[in-house]
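Visitor: Please pick one part of this model and take me through it closely, strand by strand where that helps. After that, I would like to know what surrounds it in the rest of the chain.

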Amino acid sequence: MHNTQNLEQTSHILHLALPKMATLSIPVTPENYAIWFDYFAERNLNLKRAIDGLIANGVQFTPEVNLGLYNRFIEEQSPEVIENVQIETQILINSLLNKIEQLNVGTESFSTNLNEFGEKLQTNPNTDELNLIVGSIIAEVDQVIANNHQMSASLESLSDEIANLKDEMENLSKVAMTDELTSLKNRRSYELFAAEQMTKFVDTQTVCSLLMIDIDNFKMFNDTFGHLIGDKVLAYVALAMKHTVKGDDLVARYGGEEFVVMLPNAKLIDAVNVAEKIRERIALKQLSIGKEKKQNLGHITVSIGVATIQTGDDVDTLLSRADEQLYIAKAAGKNCVKFG
Ligand SMILES: Nc1nc2c(ncn2[C@@H]2O[C@H](COP(=O)(O)OP(=O)(O)OP(=O)(O)O)[C@@H](O)[C@H]2O)c(=O)[nH]1
């Protein structure tokens with residue numbers, strides 16, 4: 001259970017971490033957020049010492065420095081740390097909503113008091129008593145007006161706070177599901193989506209198919225043109241895949257130069273057709289770089305393995321069948337689609 005102290009602490013940390021990250025120009029990725037959450041939570045003293053040392057020495061928090069901190073101090077705890085932050089933030093929002101409800105409760109005592117005055121009026125009060133009742137009603141009304149001013153100011157600041165927290169949370173969960181380099185969904189997002197499709201298949205026999213896609217000879221490409229151009233090729237392939245599939249389909253970067261495309265409602269034959277379209281589209285274009293596009297990168301090709309869901313499958317078995325087909329495609333000379 002989370003107690004009030006926990007809520008206040010989380011809110012406090014949240015309001016310390018985000019501005020600090022902004023000041024240091026650190027992007028709010030889940031990994032970076034986990035580092036700075038832990039820093040302000042002071043539950044990892046080694047991490048705190050390391051960061052204080054970096055700040056004292058004027059070291060910039062470059063992506064490499066951030067990654068180093070993450071690998072050294074956080075990795076083992078993630079993604080649980082990130083999930084905890086999200087859960088605790090959600091609890092914080094709920095507690096703020098409760099406060100709003102409590103503010104509304106104030107008006108109840110006003111109506112109770114009015115009812116009491118009404119009852120007194122039925123008892124034929126004399127002038128003095130009448131004066132007292134009218135005086136009391138005026139005082140009550142004044143009090144309600146004062147409370148209302150206070151309440152609307154509190155409500156305004158609370159709703160601002162909730163809106164900010166909501167934005168931060170949405171941003172955090174979006175970032176947690178996105179691959180930074182290609183802007184595709186990331187592996188975690190794919191795994192959640194695939195698990196949903198498995199459940200759908202068990203419940204309603206709705207089929208789905210999976211494409212496992214790997215860029216051919218990417219190492220040679222990287223070695224020849226450098227990693228930065230390699231990154232651009234990843235982005236090009238990502239875009240080509242995205243533009244070939246439909247709205248319900250999920251395209252994700254599985255890792256390195258490997259991608260997955262999950263096609264809900266697609267039988268094997270439909271999935272093979274989509275795979276062929278993707279393969280052709282990527283291979284079609286001759287890529288070039290440089291100011292006048294003088295440096296020719298040639299054609300990029302991909303190999304694709306396709307598998308469709310079967311009874312008894314889980315996320316891993318479906319993936320490993322698609323992976324087997326991908327391996328067969330590579331062995332068959334690359335730039336082709338294999339399925340089974
Ligand atoms: N530029 C860039 N390269 C990456 C990234 N992730 C992985 N790589 C590179 O991708 C290459 C993958 O090489 P291999 O696994 O040997 O595969 P390959 O050269 O494509 O060979 P085949 O799959 O057999 O066609 C390695 O050189 C990795 O360094 C990335 O994010 N950016």
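Guide: Two strands are said to pair if DSSP finds at least two bridges between them. With that in hand, let's look at a strand pair in this predicted model. Strand β4, residues 286–289, pairs with β5 in the antiparallel sense, and four bridges join them. One bridge to follow on your screen starts at Gln-286, whose partner in β5 is His-299. Strand β5 spans residues 295–299, and the number of buried residues among its five is zero, so β5 lies largely in the open. The cut-off behind that count is 20 or more other C-beta atoms within 10 Å.

Now for the setting. The chain has 11 helices and seven strands, and 25% of its 340 residues are buried. Of the contacts with a separation of 6 or more, 67% are between residues 24 or more positions apart.

Five strands build an open sheet with mixed pairing, in the order β2-β3-β1-β6-β7. The edges belong to β2 (250–255) and β7 (337–339); each has a single partner strand, so one side of each has no neighbour in the sheet. From one strand to the next, the twist averages 20°. Inside this sheet, β1 (residues 208–215) and β3 (residues 258–264) run in the antiparallel sense and share seven bridges. Met-212 is a handy landmark, as it stands opposite Val-260 in β3. Helix α11, residues 315–331, packs on the sheet and touches β1, β6 (302–308) and β7; the direction of α11 makes about 145° with that of β6.

Between α11 and β7 there is a loop, and Asn-335 lies in it. Asn-335 is not a glycine, yet its phi is positive, about 50°. With 19 C-beta neighbours inside 10 Å, Asn-335 counts as partly exposed. A second backbone of this kind is found at Gln-205, in the loop between α7 (187–204) and β1. The phi of Gln-205 is near 60°, again a positive value in a residue other than glycine. Gln-205 has 9 C-beta neighbours inside 10 Å and therefore counts as exposed. As background, most residues other than glycine have a negative phi.

Helix α8, residues 218–225, is hardly covered: none of its eight residues is buried. After α8 comes Gly-226, with a positive phi near 95°.

Then there is helix α9, residues 227–244, which packs against helix α10, residues 268–284, at an angle of about 140°, the axes being 9 Å apart. At that angle α9 and α10 are oblique to each other, because angles count as roughly antiparallel when over 145 degrees. In handedness, α9 passes α10 in a right-handed crossing. On the α9 side the contact is made by Val-237, Ala-240, Met-241 and Thr-244, and on the α10 side by Val-274, Lys-277, Ile-278, Arg-281 and Ile-282. Sorted by class, this contact of α9 with α10 has six nonpolar residues, one polar and two charged. An α-helix has 3.6 residues a turn, so residues three or four places apart point the same way.

A further helix pair sits earlier in the numbering. Helix α2 (residues 30–41) and helix α4 (residues 63–74) pack at about 60°, with axes 10 Å apart. Here α2 passes α4 in a left-handed crossing. The residues making the contact are Glu-31, Asn-32, Ala-34, Ile-35 and Asp-38 from α2, together with Asn-66, Leu-69, Tyr-70, Phe-73 and Ile-74 from α4. By class, the contact of α2 with α4 divides into six nonpolar, two polar and two charged residues.

One last stop is Ile-51, which belongs to helix α3, residues 45–56. Ile-51 has 22 other C-beta atoms within 10 Å, so it is buried. Its C-alpha atom is 9.6 Å from that of Phe-61, a residue 10 positions away along the chain. Set that beside β5, where our close look began and where zero of the five residues are buried.

Notes. Residues numbered from 1 in each chain as written. Predicted model: local features only at pLDDT ≥ 70, side-chain atom pairs only at ≥ 80, totals over all residues. Helix = DSSP H or I, 4+ residues; strand = E, 2+ residues; numbered from the N terminus. Axes fitted to C-alpha atoms, helices over the stretch in contact; angles between N-to-C directions. Contact = placed C-beta atoms within 7 Å. Buried ≥ 20, exposed ≤ 12 C-beta atoms within 10 Å, placed from the backbone. Parallel < 35°, antiparallel > 145°, perpendicular 65-115°, else oblique. Left-handed = near helix turned anticlockwise from the far one by under 90°. Nonpolar A, V, L, I, M, F, W, Y, C, P; charged D, E, K, R; others polar.
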